[in-house]
Amino acid sequence: MDAEKQGRNFLASVDHYFDKAAAYTNYPDGLLTQIKICNSVYSFQFPIKKGNGYEVVTAWRAEHSHHKLPVKGGIRYSEHASSDEVVALATLMSYKCAVVDVPFGGGKGAIKINPKEFTIEELEKVTRRYTSELIKKNFIGPAIDVPAPDYGTGAREMAWIADTYQVFNPGQIDALGCVTGKTIPQGGIRGRNEATGLGVFYGLREACDSEEDMKAIGLTKGIDGKTFVVQGLGNVGYHAAKFCIEGGAVMVGVAEYEGGIYNKNGIDLEKLMAHRKQNNGSMMDYPGAENLPNREAALELECDILIPAALENQITAANAGRIKAKIIGEGANGPITSDAEDILEVKNIMVVPDLYLNAGGVTVSYFEWLKNLSHVRFGRMEKRFVQNTFDRLIEYVESATERPLTSEEKNRIAHGADEAELVYSGLEETMITSYHQIREILKQTKGMTNLRTAAFKNAIDKIATCYFELGIFP
Ligand code: NAD
């Protein structure tokens, strides 16, 4: 299917989910339309010197909702990008921020290139030019629109964006807050790189911790011992797999661009990554697993949890009937089409939806933005103070009980948190609280059948409240 059509289908799926959830509300049509439509899309082209010639590159930035500012959302580099895809992703961002109580509207950007065909110097040129085009149109800034990494981009690209923005805005003291997901020396935050995958783990762990919900799909409580398959070993997929394994789950299958692999007894993630590096970027022929006939076959493996963490439109009406997982945790944005979702529901497969499950990235991006605006590392002011207070408390307890604590006991109790620990803790709290909010909506709403509709309803309610508070829709 061509990229334009994929993008159209993706946007249609997002709008379909919105309509389904909106049916459980009583808001006036005008308000629902305002919450649903995309406020602005900037589409542009620019030339880039590539090799001995020039290439004209197409790019977009969409700002879906300005009910809260800045708007926030990643930038992807993908040859399959399209205007509708960017709008669909920006739309999801608005709802995602609302679900996890991040006070931003939704945005998204894309550059239609295959980054693997560009040198690092060319990628830097593309990124800096893209940023200056956004600056020209006021589509970037710490109070306006704050991009982040997405498919095909990472901390390096974000650092180039921050640097370009600073060059064009001398003296703007909060300039580093114009983008998140940066390297640490460029104002990034510890924990952002792994945040989305870690959030996927926290969310799946929370879902698996409900005995009642697990029983309903024929599983026992807890993530420990559950088997899983991951699609895409990039930023989200790799970290989701890593934390799920640390939480006791067993990775039995992987799908990557080059194919799929399987071992029912478990695949060692780090050994697989090392093999992939040595094997020209391919995980095929890994000695600890068997090759599957193609990458799509991995999605249909026997397992408890399937984590699609590559791209949208991966589980469609064509393959949904063959999915054997009991839970699908959407690491990627939009991996399930709306017609596939109907088939999965009939098969009693629990879907933990993208707008909740992969919101760890934007949550920690929010923390990074706060750090940039406050110009101080989290934990810097209180770490030593807290530790000293605990030390004095321990001294008092030891003398009162006449029982000296071991150094291990002391370390566990007397500990001031550093930035990474605070970020992990803030993310864990967000993922737990948000999960229970949407689960509660699902349980309380008559006729509602899945967590996605509950998450959309949660987002619609929160955004509607903003408009009521603004007095726009009395
Ligand atoms: P990434 O570029 O780091 O990784 C994507 C991986 O998927 C790559 O390893 C790629 O080779 C693989 N892949 C591509 N097509 C595939 C296919 N057909 N089958 C199997 N593997 C395939 O990207 P990412 O940042 O991990 O993003 C992945 C998804 O997660 C996207 O949908 C993105 O929008 C979403 N997401 C990312 C973040 C984030 O913080 N990076 C946050 C929220 C959502």
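**Exercise 1. Determine whether Arg 61 is buried or exposed, and place Arg 61 in the fold.**

Solution. Arg 61 has 0% relative accessibility and therefore counts as buried, a class that means under 20% relative accessible area, with exposed over 50% and partly exposed in between (1.4 Å probe, protein chains only). The model is predicted: local features need pLDDT of at least 70, side-chain atom pairs count only at pLDDT 80 or more, and totals for chains, interfaces and linings use all residues. Residues are numbered from 1 along each chain as its sequence is written, and side-chain values use heavy atoms, with hydrogens and water left out. Next, Arg 61 belongs to strand E2 (residues 53-63); helices (H or I, at least four residues) and strands (E, at least two) are DSSP runs, numbered from the N terminus. Finally, the side chain of Arg 61 reaches the backbone oxygen of Gly 73 at 3.1 Å.

**Exercise 2. Describe the surroundings of Val 126.**

Solution. Begin with the location: Val 126 lies in helix H4 (residues 120-136). With a relative accessibility of 0%, Val 126 counts as buried. Then list its partners, leaving aside neighbours within four places in sequence: Val 126 is in contact (heavy atoms within 4.5 Å) with Phe 46, Ile 48, Ile 111, Ile 113 and Phe 118.

**Exercise 3. Characterise how helices H13 and H16 cross.**

Solution. First, take the axes, which are lines fitted to C-alpha atoms, for helices over the stretch in contact, with angles from 0 to 180 degrees between N-to-C directions. The axes of H13 (residues 360-374) and H16 (residues 419-444) come within 10 Å and cross at roughly 135°. H13 is therefore oblique to H16; angles under 35 degrees count as roughly parallel, over 145 as roughly antiparallel, 65 to 115 as roughly perpendicular and the rest as oblique. Last, identify the residues: H13 contributes Gly 360, Thr 363, Val 364, Phe 367 and Lys 371, while H16 contributes Glu 419, Val 423, Gly 426, Leu 427, Thr 430 and Met 431.

**Exercise 4. Examine the backbone at Pro 70, Asp 285 and Asn 348.**

Solution. The peptide bond from Leu 69 to Pro 70 is cis, with omega near 5°, and Pro 70 is found in the loop between E2 and strand E3 (71-77). Asp 285, a residue other than glycine, has a positive phi near 65°; its loop joins helix H9 (269-278) and strand E9 (290-291), and Asp 285 is exposed at 57% relative accessible area. For Asn 348, phi is positive, near 60°, and the relative accessibility of 42% makes Asn 348 partly exposed.

Terms used:
Polar contact = N/O pair within 3.5 Å; in protein donor to acceptor, adjacent residues only side chain to side chain.
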